[in-house]
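Let's take a walk through this model together, one selection at a time. Open your viewer, load the coordinates and keep the selection box handy.

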Amino acid sequence: MTDAATKFIETYERERNSLPAADLPWLDARRDEAMKSFAEAGLPHRRLEDWRYTDLRQLLSKASLAPAPAHEGVVLLPTTAFDAIDGHRLVFVNGRFRADLSNLGGLPSGVTLVPLAEALRAPWARPLLEAPQASGIVALNTAMMGDGLGLHVAAGVRLGKPLHILHFAADAGAFHVRNLIRLEEGAEATIFETHAGAAAASSFADHAADVSLAEGARLAIVKVQDEAPSAIHLATLTARLDARSHFAHFTMTLGAGLSRNQSFVTFAGEGAEAHVNGAVALRGKQHGDHFVVIDHAVPHCASATLFKTVLDDSSTGVFQGRVLVRPDAQKTDGRQMTNALLLSRDAAMNAKPELEIYADDVQCAHGSTIGELSREALFYLRSRGIDEETARQLLISAFLDAAFETVANEEAREALRGLAANWFRLGGGAA
Amino acid sequence: MTAVRETVDTVDQLAGEKYKYGFTTDIESERAPIGLSEDTIRFISAKKNEPQWMLDWRLQAYRRWLQMEEPKWAKVSYPPIDFQNAYYYSAPKQNAKLASLDEVDPKLLETYKKLGIPLVEQQLLAGVAVDAVFDSVSVVTTFKTKLAEVGVIFCPFSEAVREHPELVKKYLGSVVPESDNYYATLNSAVFSDGSFVYIPPGVRCPMELSTYFRINEKQTGQFERTLIVADKGSYVSYLEGCTAPQRDENQLHAAVVELVALDDAEIKYSTVQNWFPGDEDGKGGIYNFVTKRGDCRGPRSKISWTQVETGSAVTWKYPSCILRGDGSRGEFYSIAISNHFQQVDSGTKMIHLGRDTSSRIVSKGIAAGRSSNTYRGLVSVHKKAENVRNFTQCDSLLIGPRCSAHTVPYIEAKNPTAILEHEATTSKISEEQLFYCMQRGLPAEEAVALIVNGFCRDVLQQLPMEFAVEAQKLVSISLEGSVG
């Protein structure tokens with residue numbers, strides 16, 4: 001047992017009675033069971049195939065893992081890329097919901113948006129939490145989840161305006177956030193998520209989200225992670241898609257010294273579609289790991305994954321993807337692509353795009369490229385009088401833009417482009 | 001038990017006395033006692049009249065092996081192997097010679113016919129006494145003279161240990177160290193025999209070593225060890241195995257192949273593996289756990305692996321290239337066909353250490369029946385490897401709803417000047433193409449064979465000419481019973 005794991009176990013023992021909805025017997029049992037499985041497995045390490053490029057056990061050994069303080073006073077919130085887009089607003093500081101900073105007025109009827117403590121009492125939440133988890137590390141979150149949001153959209157209801165969620169880490173320390181999202185038949189919602197932190201906050205943000213889409217439901221999530229370089233960000237998304245539902249998830253990873261984003265999407269009904277895409281731009285000593293598993297458990301579903309990674313300085317990028325087509329999942333269309341640009345001598349990229357296929361009538365393809373900026377393209381631009389800096393930015397922007405193009409919401413797409421431009425301004429991608 | 005004791009005593013005696021009687025001492029017993037122990041290894045070594053250093057090497061490997069665990073990461077499953085319930089050495093068996101081809105299993109003959117194997121070779125492969133018809137000895141002698149003229153050494157491994165100890169000592173284990181992995185280590189401890197090839201500087205080996213090998217191959221046993229060294233500026237093409245089905249009683253095969261290419265040298269290593277895959281219900285069949293690795297040690301050297309894998313019940317095999325020399329090049333061309341209950345986990349590793357190194361991987365997996373076919377590969381670019389280029393293509397073809405195909409590539413780049421490309425597709429055999437062929441009068445099986453051969457074309461082209469033709473037919477035969 002490592003110190004880090006022991007710390008979590010101790011915190012759990014100390015705080016278990018003050019965790020949200022601790023009075024619910026089923027939840028108490030679930031938490032205990034989760035903590036037990038976490039204690040048995042410990043933190044994931046390099047010898048586990050899924051973690052071969054990100055040794056969480058080792059990386060967390062130096063982090064400050066005491067619970068983050070409840071930051072209740074005044075807090076200077078950063079602007080987010082999505083501020084210009086009209087929507088409902090939820091703010092979390094150090095992993096705790098801040099009603100005073102949020103604005104949830106004018107939600108259409110049929111939309112329930114509540115803090116985790118309340119959501120846990122709702123009948124629709126329990127199956128989400130009791131479903132088996134694809135990733136062992138989620139057990140830590142299940143046991144320790146301190147806050148989060150519950151979103152329930154009734155059948156046929158459309159959440160007109162997007163939901164802005166801002167997670168801000170104001171201080172050092174660990175927090176565990178759980179989001180539970182259930183869209184009933186034909187419901188629709190869009191969520192913009194921003195993760196930021198105070199410059200000096202060496203936080204450990206442990207996020208888990210469980211998404212369940214009923215028949216024909218549509219959910220789009222655009223997530224921007226721009227935490228402080230001293231921060232550690234761990235996020236696991238688990239989504240279950242019923243027939244003809246549509247799920248689009250986009251992650252933009254810019255921040256945190258160490259980040260690991262896991263997405264597990266399971267098709268449970270025919271005719272559903274999933275898009276799990278992302279853009280990653282890292283510099284300094286950042287390490288960003290994206291892990292995507294698409295489980296085609298039923299026939300006639302389509303999935304597409306595209307990740308574009310730009311690595312500067314001595315940053316490291318990881319992409320591990322798996323398209324799993326189970327027996328009988330005929331007529332599956334599974335696509336997976338990962339491209340990486342290495343901008344510096346010390347940057348490194350590891351990719352492992354996997355196909356695991358047990359049905360024959362399928363179309364599955366994956367591709368992976370790693371390389372530097374094309375010298376010919378640079379020369380071409382330079383020969384037309386464009387200075388090197390601009391030429392590089394132009395090429396890198398174009399590279400990332402292919403990922404942004406997968407975002408359906410035009411305003412969000414523009415917001416992402418703005419973030420990329422800002423990355424250059426801060427020195428990313430410089431020659 | 002007393003018999004075992006006796007044998008062990010005999011070995012001990014021999015081990016102590018072998019210098020007294022020289023290397024040619026013959027031991028009466030033809031088999032090592034059942035099980036694996038240091039005594040077994042001493043027995044094998046004594047049986048082969050090996051010098052002390054060779055025995056020490058084996059023992060060192062054995063001691064390491066005892067501490068190792070069987071790898072479990074491959075996508076294959078098989079019942080646990082009882083290493084103590086096997087014989088690790090038995091002298092080549094003299095099968096009862098058959099008088100003519102009429103006595104051979106007609107099924108076997110039919111396969112030979114389909115493969116287009118010449119009659120004399122058919123007889124040889126089937127174990128018919130051929131002395132009267134086919135003077136293999138004279139052919140071998142001709143080859144030997146020809147090779148000797150240019151200075152090529154090509155001999156059984158055990159002979160090389162005795163005749164060319166300085167070369168063996170220098171290169172053995174330099175690519176696959178004796179404690180490399182579980183099966184390679186086991187092989188290091190108990191390897192039976194294999195081939196040793198040395199091509200002197202500047203020599204282009206005057207013939208495909210396959211030709212010689214094919215008609216001269218003896219039962220080399222289940223733990224084959226091959227070492228090929230191509231000295232500066234030399235070239236050799238080596239073909240291992242045979243398109244003809246090989247019935248073999250040994251369930252476990254753990255071979256090791258080491259290739260060393262010095263400056264500007266080139267080694268082309270082709271394999272056709274068609275061991276018994278088990279019957280249609282998945283009973284029996286060979287476990288083929290092979291470690292093959294080539295070291296492009298010198299600048300501008302080149303190693304090319306080509307494999308056609310159609311046999312074995314379980315295959316675990318990753319022919320790799322260590323691209324150490326600047327400007328060196330590694331290639332891997334593979335066709336892996338699995339049918340019925342076969343399991344294949346195969347691929348390659350391209351480790352780019354030197355500048356301007358390049359590699360190319362083309363893998364074609366065809367799964368039919370209830371088989372499982374996995375491509376597992378690594379492309380790794382180290383920090384100091386400038387201007388590396390890799391292209392990887394692995395395609396899988398699925399025939400039937402119950403087979404499976406997996407692609408597990410690992411791509412690791414630590415140098416920005418590297419250009420790495422990987423692409424993979426998985427799809428079923430095209431119904432339009434099938435329909436098109438059948439509409440023109442081809443039976444379903446022939447149509448499938450035609451399409452699959454087209455799918456494998458890039459790889460088949462890499463095989464030495466004479467084998468390409470047979471391999472094409474082999475592809476068809478392996479898929480028999482997969483449609484309709």
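The stops below start where the chains meet and then move into chain A. Keep in mind along the way that this is a predicted model.

**Stop 1: the contact between the chains.** Select the residues of chain A and chain B that touch each other. You should pick up 30 residues from chain A and 29 residues from chain B. On the chain A side, strand S18 (348-357) and strand S19 (363-371) each supply at least two residues. S18(A) gives the largest share of that side, with ten residues. Now colour the chain A side by class: 15 residues are nonpolar, eight are polar and seven are charged.

**Stop 2: across the chains.** Stay on S18(A) and add strand S18 of chain B, residues 404-413. Six bridges pair these two strands, in the antiparallel sense. For one place to zoom in, show Met349(A), which stands opposite Ala413(B) in S18(B).

**Stop 3: one strand further into chain A.** Next, select strand S16 of chain A, residues 316-325. S16(A) runs parallel to S18(A), and ten bridges join the two. Label Arg322(A) and look for its bridge partner in S18(A), Glu354(A). How many of the ten residues of S16(A) are buried? Nine of them are, so to speak, under cover: the strand is mostly covered.

**Stop 4: the other neighbour.** Finally, add strand S14 of chain A, residues 287-296. S14(A) and S16(A) are also parallel and are joined by ten bridges. Here, show Ile294(A) together with its bridge partner in S16(A), Val323(A).

Methods:
Residues numbered from 1 in each chain as written. Chains lettered and ligands numbered in written order. Predicted model: local features only at pLDDT ≥ 70, side-chain atom pairs only at ≥ 80, totals over all residues. Contact = placed C-beta atoms within 7 Å. Helix = DSSP H or I, 4+ residues; strand = E, 2+ residues; numbered from the N terminus. Nonpolar A, V, L, I, M, F, W, Y, C, P; charged D, E, K, R; others polar. Pairing = 2+ DSSP bridges. Buried ≥ 20, exposed ≤ 12 C-beta atoms within 10 Å, placed from the backbone.
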